[in-house]
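I set out to read a structure that was new to me and to keep a short record of each thing I looked up. The entries follow the order of my reading.

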Amino acid sequence: MTPSPPRAPVLSVQSLGHRYDGPPVLADVSFDVAPGEVVAVIGPSGAGKTTLFRAVTALVRPESGRVEVAGRDLAGLRGAELGQARREIGLVFQHYNLVRRLSALDNVLVGRLAHLPTWRVLARRPGPEEQALARECLERVGLSDHAGARADTLSGGQQQRVAIARALAQRSRLVLADEPVASLDPASAASVLATLRTVATEGDIAVVCSLHQVELVAGFADRVLALRAGRLVLDVPVAGFGPEHRAAVYESDPSPSLPAAPCEARPGREEPERATATPERSRT
Ligand SMILES: Nc1ncnc2c1ncn2[C@@H]1O[C@H](COP(=O)(O)OP(=O)(O)OP(=O)(O)O)[C@@H](O)[C@H]1O
Ligand SMILES: [Mg+2]
């Protein structure tokens with residue numbers, strides 16, 4: 001069988017570095033994510049996962065390096081252009097960020113409003129096509145029956161699936177999910193991750209998702225990235241992610257030696273990355 005040609009990455013992070021006021025919290029982080037690929041980002045608290053997501057959306061301006069979303073470098077963009085580029089990115093947070101008193105359907109429409117002409121946004125009068133799209137997105141996350149329910153009457157897992165539908169309604173090509181299951185019980189967590197997996201596969205959407213529950217990675221992601229003290233110390237296909245990596249990512253020694261993991265060549269990468277572990281410094 002002829003291998004399919006490499007596809008352009010939806011997200012390309014190159015030598016990203018950032019600091020707030022003190023020492024670096026991201027240092028020389030590089031990776032690409034292909035359409036339809038699901039990437040789990042793990043790492044201890046304070047490793048820089050949220051900062052990485054904020055840098056990808058240009059909510060923080062990284063000190064060094066480059067981020068391209070669908071081939072566009074966000075660093076040079078401002079105002080309406082930046083807004084438009086951000087619409088390529090759907091955001092899913094730990095605490096859902098839904099408008100509690102609005103229905104599930106209206107919350108999904110909020111994702112769509114960014115695409116509407118201003119007068120319709122002001123009047124909050126989405127047309128039939130937007131309504132149909134929002135319903136379709138709810139159906140894709142298995143919530144058709146709850147379209148009219150107020151967001152604050154839904155369970156945590158259902159609310160998180162509404163948040164995923166909202167990202168879909170934006171027609172995002174990249175979904176960034178920062179600890180989307182941290183507040184959920186195990187069954188709801190599994191259902192939310194399965195939903196993310198399905199939308200990635202069916203919609204050819206790249207998903208980058210941070211998780212503290214490392215045991216959930218295996219059934220969910222294609223690939224695992226680990227951050228420690230702001231450095232990318234692991235980038236492996238999920239099949240190559242074993243207990244030895246898990247222990248090394250989370251052990252308290254700030255200079256763990258991560259075992260080398262088998263790593264398949266991925267489209268768009270010249271060399272497969274190997275597991276490395278050279279955190280610059282211990283995090284305090
Ligand atoms: N707005 C900020 N100002 C200053 N320092 C910050 C800010 N946000 C995060 N930091 C620091 O940057 C480092 C990385 O934080 P970040 O929130 O990215 O980690 P994380 O991996 O998402 O952690 P967690 O798993 O707890 O969510 C931490 O040392 C944190 O204290
Ligand atoms: Mg975080």
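These entries go from the whole chain to its core, its sheets, one helix, the ligand and two single residues.

**Entry 1: the whole chain**

I note at the start that this is a predicted model. I looked up the secondary structure and found 8 helices and 10 strands in the chain. I then looked up burial: of the 284 residues in the chain, 42% are buried. I also checked how contacts spread along the sequence. Among contacts with a separation of 6 or more, 68% join residues that are 24 or more positions apart.

**Entry 2: the nonpolar core**

I asked which residues have the most contacts inside the largest nonpolar core. The core has 80 residues, and the ones with the most contacts inside it are Ala40, Val108, Ala165, Val207 and Val224. Helix α6, residues 156-169, supplies the largest share of this core, with 7 residues. I then asked why the core lies between domain 1 and domain 2. Domain 1 (1-88 + 174-284) and domain 2 (93-171) both give residues to the core, so the core lies between them. As background I recorded that nonpolar side chains tend to be buried together in soluble globular proteins.

I followed one of these core residues further. Apart from residues up to four places away in sequence, Val207 touches Val38, Val39, Val175, Ala177, Leu196 and Ala200.

**Entry 3: strands β6, β7 and β8**

Two of the residues touched by Val207, Val175 and Ala177, led me to strand β7. I looked up its cover: β7 spans residues 174-178, and 5 of its 5 residues are buried. Which residues of β7 point one way, and which the other? Leu174, Leu176 and Asp178 point one way, while Val175 and Ala177 point the other way, and all are buried. I set beside this the general rule that side chains in a regular strand alternate between the two faces of the sheet.

I next looked up the partners of β7. Strand β6 (residues 89-92) pairs with β7 in the parallel sense over 4 bridges. In this pairing Ile89 stands opposite Leu174, and the bridge partner of Val92 is Ala177. Strand β8 (residues 206-210) also runs parallel to β7, joined to it by 5 bridges. Here Val175 stands opposite Val207.

I checked whether the faces of β6 are covered or open, and both are covered. Ile89 and Leu91 on one side, and Gly90 and Val92 on the other, are all buried.

**Entry 4: the antiparallel sheet**

I looked up an open sheet of 4 strands, in the order β2-β1-β4-β5, with antiparallel pairing. Strands β2 (24-33) and β5 (72-73) stand at its edges with a single partner strand each, so one side of each has no neighbour in the sheet. Strand β1, residues 11-19, runs antiparallel to β2 and is joined to it by 6 bridges. Arg19 stands opposite Pro24 in β2.

**Entry 5: helix α3**

I asked how many of the residues of helix α3 are buried. The count is 8 of the 10 residues in 104-113, so the helix is largely enclosed by the rest of the structure. The buried ones are Ala104, Leu105, Asp106, Asn107, Val108, Leu109, Gly111 and Arg112. Helices α5 (128-140) and α6 are included in what covers them.

**Entry 6: ligand 1**

I listed the residues that surround ligand 1: Tyr20, Asp21, Val25, Gly43, Ser45, Gly46, Ala47, Gly48, Lys49, Thr50 and Thr51. By class, this shell has 3 nonpolar, 6 polar and 2 charged residues. Helix α1 (residues 49-56) gives the largest share of the shell, 3 residues.

**Entry 7: two single residues**

I looked up Asp28, which is found in strand β2. Asp28 has 16 C-beta neighbours inside 10 Å and therefore counts as partly exposed. Beyond four places in sequence, Asp28 is in contact with Ser15, Gly17 and Arg231. Asp28 and Arg231 are 203 residues apart along the chain, yet their C-alpha atoms are separated by 6.7 Å.

I closed with Arg100, in the loop between β6 and α3. Is Arg100 exposed or buried? With 12 C-beta neighbours inside 10 Å, Arg100 counts as exposed. Leaving aside neighbours within four places in sequence, Arg100 is in contact with Ala151 and Asp152. The C-alpha atoms of Arg100 and Arg150 are 6.8 Å apart, with the two residues 50 apart in sequence.

Technical notes. Residues numbered from 1 in each chain as written. Chains lettered and ligands numbered in written order. Predicted model: local features only at pLDDT ≥ 70, side-chain atom pairs only at ≥ 80, totals over all residues. Near = placed C-beta within 6 Å. Helix = DSSP H or I, 4+ residues; strand = E, 2+ residues; numbered from the N terminus. Nonpolar A, V, L, I, M, F, W, Y, C, P; charged D, E, K, R; others polar. Core = buried A, V, L, I, M, F, W, Y, C linked by C-beta atoms within 7 Å. Buried ≥ 20, exposed ≤ 12 C-beta atoms within 10 Å, placed from the backbone. Domains from an automatic or database assignment. Contact = placed C-beta atoms within 7 Å. Pairing = 2+ DSSP bridges.
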